[in-house]
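Visitor: I'd like a close look at one part of this model: the side-chain pairings that link one stretch of the chain to another. Please take me through them in one go.

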Amino acid sequence: MAEVRIGRRAFVLGGLGWLVGCNVARNQTGGESFLEAVRRRFRVPALAAGCLLNDSLVFAEAVGTVNANSTEPVSIDDPFHLGSCTKAMAATISAMLVERGKLSWDTTVAEAFPDLADRIHPGFRPVTLLQLLSHRGGLDDRKPDNKIFPRLRGLQGPITEQRRTLVELALSREPAYPPGEQMAYSNFGYAIAGAMAESATGKPWEELAQELLFQPLGMTTAGFGAPERVWGHRGGWLKPCRPVPPGPGADNPPVLSPAGRVHSAMKDWLKFASLHLRGSRGDTEVLSRSSFEFLHRDHYRQGYALGWGVVERRWAGGVALTHAGSNTLWYSVIWLAPNRNAAFVAATNCGTDKAFRACDAAIGEMIQRFLL
């Protein structure tokens with residue numbers, strides 16, 4: 001079975017530029033919802049979406065079936081795989097540890113892993129947490145070492161030790177470019193940032209996510225890996241979607257969880273979105289307003305902050321924060337409009353171009369119906 005990679009289309013700046021005045025096909029006959037019309041148009045097995053406006057849930061729906069070979073309908077409470085949208089959560093957890101004095105944005109790889117320093121290439125030793133979360137750590141997914149990923153699939157033992165192995169494997173070679181000089185999207189960078197959090201706390205990153213985010217926010221459907229009930233799918237634009245049951249082949253290896261293995265139902269995902277909207281106004285005790293401003297700041301003027309793409313959109317009243325994610329079997333996207341106090345999410349259990357278009361269209365419809 002081919003390896004499943006995080007972030008096939010993990011960060012999309014170009015999407016949704018057409019939202020003002022878009023013309024998504026509507027079908028109001030027979031009581032069919034606009035979301036079902038979008039699902040049918042793009043032929044994805046299931047599609048889920050939700051909208052938060054002025055701190056209230058104004059829309060949440062899931063349509064379709066749990067897999068293409070089943071007639072069992074999906075539920076609004078079913079988790080969908082969020083892929084690289086997990087990165088905003090990983091950055092938020094890092095910010096919490098910075099506020100608690102466990103880490104600093106300037107903590108280096110060498111400081112975080114002193115016992116591994118002699119096995120880390122000198123070029124990587126001064127790389128900071130801020131650089132890793134900004135995709136400026138000298139790692140580059142476009143220049144993979146094909147020997148590393150298969151080894152990650154076979155790792156055994158405690159997950160914290162697996163991530164320390166990833167640190168050694170990824171950082172023992174020469175950087176792809178001088179750290180800090182340019183942006184290059186890297187899932188390994190976020191996994192290493194997760195390992196830094198583990199080194200600082202002595203807890204697995206998954207436990208930190210539950211303790212610092214999921215439980216306080218009431219995200220009861222949130223977890224890790226491929227969901228059990230709703231299956232991901234392979235296929236192309238003209239090919240039928242082929243379901244892939246949960247298991248090792250349905251997701252990336254667990255060591256990469258901080259980069260993109262969280263799953264969640266839409267209403268729970270919107271609770272995370274609400275945290276960032278409220279945080280940008282200083283209306284939460286989870287993190288200070290200055291920490292949210294730091295997370296949302298484009299530190300390198302590259303269109304990417306910490307786990308968020310940063311773009312300008314008229315419908316958002318200025319700055320919008322966004323991310324998308326796919327492990328090639330699922331697709332998800334999130335948009336925040338802090339100036340309009342609005343959030344939009346969509347996800348489907350298919351990872352092809354038609355999945356991207358379905359989520360794009362679903363969010364376009366919600367913006368027109370509930371915001372404009």
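Guide: Let's begin with what counts as a salt bridge here: a side-chain nitrogen of Lys or Arg within 4 Å of a carboxyl oxygen of Asp or Glu. Keep in mind that this is a predicted model. By that rule, Arg 164 and Asp 115 make a salt bridge, with N and O 2.4 Å apart. Their positions are worth tracing: Arg 164 belongs to helix α6 (residues 159-171), while Asp 115 is in the loop between α3 (109-112) and α4 (129-133), so this pair links distant parts of the chain, 49 residues apart. Both partners can be reached from outside to some degree: Arg 164 is partly exposed at 21% relative accessible area, and Asp 115 is partly exposed at 43%.

That pair has company, as the structure holds 18 salt bridges. Another one joins Lys 267 to Asp 77, where the closest N and O atoms are 3.8 Å apart. Here Lys 267 comes from helix α10 (residues 266-280) and Asp 77 from the loop between β2 (56-64) and β3 (80-81), so the bridge ties together parts that are 190 residues apart in sequence. Lys 267 has 33% relative accessibility, which puts it in the partly exposed class, and Asp 77, with 44%, is partly exposed too.

Then there's a pair inside a single helix. Glu 365 bridges to Arg 369, with the closest N and O atoms at 3.0 Å. They sit four residues apart in helix α12 (residues 353-370), which means about one helical turn separates them. Their surroundings contrast: Glu 365 is buried at 0% relative accessible area, whereas Arg 369 is partly exposed at 32%. The helix itself is mostly covered, with 13 of its 18 residues buried. Its length checks out as well: at 1.5 Å a residue, α12 should span 26 Å, and its end C-alpha atoms are indeed 26 Å apart. Charged side chains also team up in a group, as Glu 36, Arg 39 and Arg 40 form a network of salt bridges.

On to the rings. Searching the whole structure turns up eleven aromatic pairs. One of them is Trp 315 with Phe 344, an edge-to-face pair with 6.0 Å between centres and 80 degrees between planes. Trp 315 is in the loop between β8 and β9 (318-325) and Phe 344 in strand β11 (residues 342-348), so distant parts of the chain, 29 residues apart, are linked by this pair. Trp 315 and Phe 344 are both buried. Tyr 331 and Phe 356 have ring centres 5.8 Å apart and planes at 80 degrees, so they are edge-to-face as well. This brings us back to α12: Phe 356 lies in that helix and Tyr 331 in strand β10 (residues 331-337), so the pair ties together parts 25 residues apart in sequence. Tyr 331 and Phe 356 are buried too. Elsewhere, ring pairs join Phe 34, Phe 59 and Phe 370 into a cluster. A charge gets involved with a ring at Tyr 190, where the charged end of Lys 87 sits over the ring, 5.6 Å from its centre.

For a link that runs through ordinary packing, try Leu 152. This residue is in helix α5 (residues 148-153) and is buried, with 1% relative accessibility. Setting aside neighbours within four places in sequence, Leu 152 is in contact with Leu 166, Leu 169, Phe 188, Pro 253, Val 255 and Leu 256. Its C-alpha atom is 9.1 Å from that of Asn 252, a residue 100 places away along the chain.

What about covalent links between cysteines? A search of the whole structure finds zero disulfides. Take Cys 85: its sulfur is 9.1 Å from the closest cysteine sulfur, in Cys 359, which is too far for a bond. Cys 85 is also buried, at 2% relative accessible area, and Cys 51 is buried at 0%.

Last stop, two loop residues with an unusual backbone sign to look for. Asp 55, in the loop between β1 (46-53) and β2, has a positive phi near 70 degrees despite being a residue other than glycine. Arg 301, in the loop between α11 (289-296) and β8 (309-313), likewise has a positive phi, near 50 degrees. Asp 55 is partly exposed at 42% relative accessibility, while Arg 301 is exposed at 81%.

Methods. Residues numbered from 1 in each chain as written. Heavy atoms only, no water. Disulfide = S-S within 2.5 Å. Buried < 20%, exposed > 50% of the residue type's maximum accessible area, 1.4 Å probe, protein only. Contact = heavy atoms within 4.5 Å. Expected span 1.5 Å × (residues − 1). Phe/Tyr/Trp six-rings, centres within 6.5 Å; stacked < 30°, edge-to-face > 60°. Lys NZ or Arg CZ within 6 Å of the ring centre and 35° of its normal.
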